[in-house]
Amino acid sequence: MNKSQLKEAIDAIEVHFATLRVGQSARQEHVYTGEEVRGYASRYDIPYPGSYVSAQGELLVPPGMVFMRPAATFGITDANAPPQARLGIYTQTHRWYLKPVYVGHKVLFDGEIIDTYERRGFFYLAVKWEAKDEDGEVLARGEEWHTLGFVRKT
Amino acid sequence: MADGSLKSREGHEITGTVKTARMPPDAGAVHDDRLARSAGLRGGYIVNEYHFAQITEMLLHYFGPVWFTHGEIEVKYIAPLLDKDTFIPRARVIGEDPPGSGRLNLDIWCENQHGQKLGVGRASCLVPGGEVQGLEK
């Protein structure tokens, strides 16, 4: 990565970072399909279904799949942006699990930016979220800290 | 709550399944070795979701299905996991907190083959009847 590419990536991050506001919110819905869950299990070497079956025999979603993605939700999603400016690195996560999430059931996510800051050349985004089922029951909630991109401003 | 049995678990150590980390074939951006090195990183990092998946797998095996309804976990990622590194999830039982709550607290961390900590944090879960499934050493 040469200096002009680095600058392009940093500029894209800075411009996007300036648009983010604490309190900015997003809503998403998601249905975890069997294929998606098996893909996750394969990707992360988790035996599935293994322990992820309810007492009634229904397939459960591994807890590690249930969260709102901060950078994918609030970060740079433009496919034309420099790849080093998109997505980023998880730095911290805090999650609470309240009800099992079933494969094939709809999950509604509400998320909100709770902090944005620059530290040691990286631009950070903190998000809190809550996941509910179709009856409005809270399934899980969490807080995520994530960088915007993975290049450091020098 | 059988706080006596929870008390007896204090200091117990747990080790999850030791694995060789592998880069997912469709990993992109920071997980791409070439891109990551070009940005000044040591190499393509294994996504931190991998760490989380292994740690929560360990906790699910330890606490059992109650983890799905009463589990709490906080992790800070402090060092990168590289392709083909050994990944070791670990935990140590701190004790019941708040006292009488039936909620067992653990220090959690994960490390590589060099003993370097990659992630550190805390986890807790309600333990009905003071019983956990196992894995303690």
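Two strands pair if DSSP finds at least two bridges between them. The exercises below apply this rule to a predicted model.

**Exercise 1. Pairing across the interface**

Task: Determine how many bridges join strand 2 of chain A to strand 3 of chain B, and which residue stands opposite A:His94.

Solution.
- Step 1. Consider the contact between the chains: 28 residues of chain A are in contact with 28 residues of chain B.
- Step 2. Identify the main contributor on chain A. Strand 2 (residues 90-97) gives the most to the side of chain A that touches chain B, with eight residues.
- Step 3. Classify that side of chain A. It has 16 nonpolar, seven polar and five charged residues.
- Step 4. Count the bridges. Strand 2 of chain A and strand 3 (residues 71-77) of chain B are joined by five bridges and run antiparallel. Because the rule asks for at least two bridges, these strands pair.
- Step 5. Locate one position: B:Glu74, in strand 3 of chain B, stands opposite A:His94.

**Exercise 2. Strand 6 of chain B**

Task: State how many bridges join strand 6 of chain B to strand 3, and how many join strand 5 to strand 6.

Solution.
- Step 1. Strand 3 of chain B is joined to strand 6 (residues 117-126) by seven bridges, and the two run antiparallel. Within this pair, B:Tyr77 has B:Gly119 as its bridge partner.
- Step 2. Nine bridges join strand 5 of chain B to strand 6, again in an antiparallel arrangement. Here B:Gly121 is the bridge partner of B:Ile108.
- Step 3. Strands 5 and 6 of chain B form a hairpin with five residues between them. In the turn, B:Gly115 has a positive phi of about 80°.

**Exercise 3. Unusual backbone geometry**

Task: Is A:Asp45 buried, partly exposed or exposed, and which of these terms applies to B:Lys84?

Solution.
- Step 1. Recall the background: most residues other than glycine have a negative phi, and most peptide bonds are trans.
- Step 2. Examine phi. The value is positive at A:Asp45, near 60°, and also at B:Lys84, near 75°.
- Step 3. Place the residues. A:Asp45 is in the loop between helix 2 and helix 3 of chain A, while B:Lys84 lies in the loop between strand 3 and strand 4 of chain B.
- Step 4. Apply the neighbour count. A:Asp45 has 17 other C-beta atoms within 10 Å, so this residue is partly exposed. B:Lys84 has 11 C-beta neighbours inside 10 Å and therefore counts as exposed.
- Step 5. Examine the peptide bonds. The bond from A:Tyr48 to A:Pro49 is cis, with omega near 10°. A cis bond also joins B:Asp97 and B:Pro98, with omega about -5°.

Notes. Residues numbered from 1 in each chain as written. Chains lettered and ligands numbered in written order. Predicted model: local features only at pLDDT ≥ 70, side-chain atom pairs only at ≥ 80, totals over all residues. Contact = placed C-beta atoms within 7 Å. Helix = DSSP H or I, 4+ residues; strand = E, 2+ residues; numbered from the N terminus. Nonpolar A, V, L, I, M, F, W, Y, C, P; charged D, E, K, R; others polar. Buried ≥ 20, exposed ≤ 12 C-beta atoms within 10 Å, placed from the backbone.
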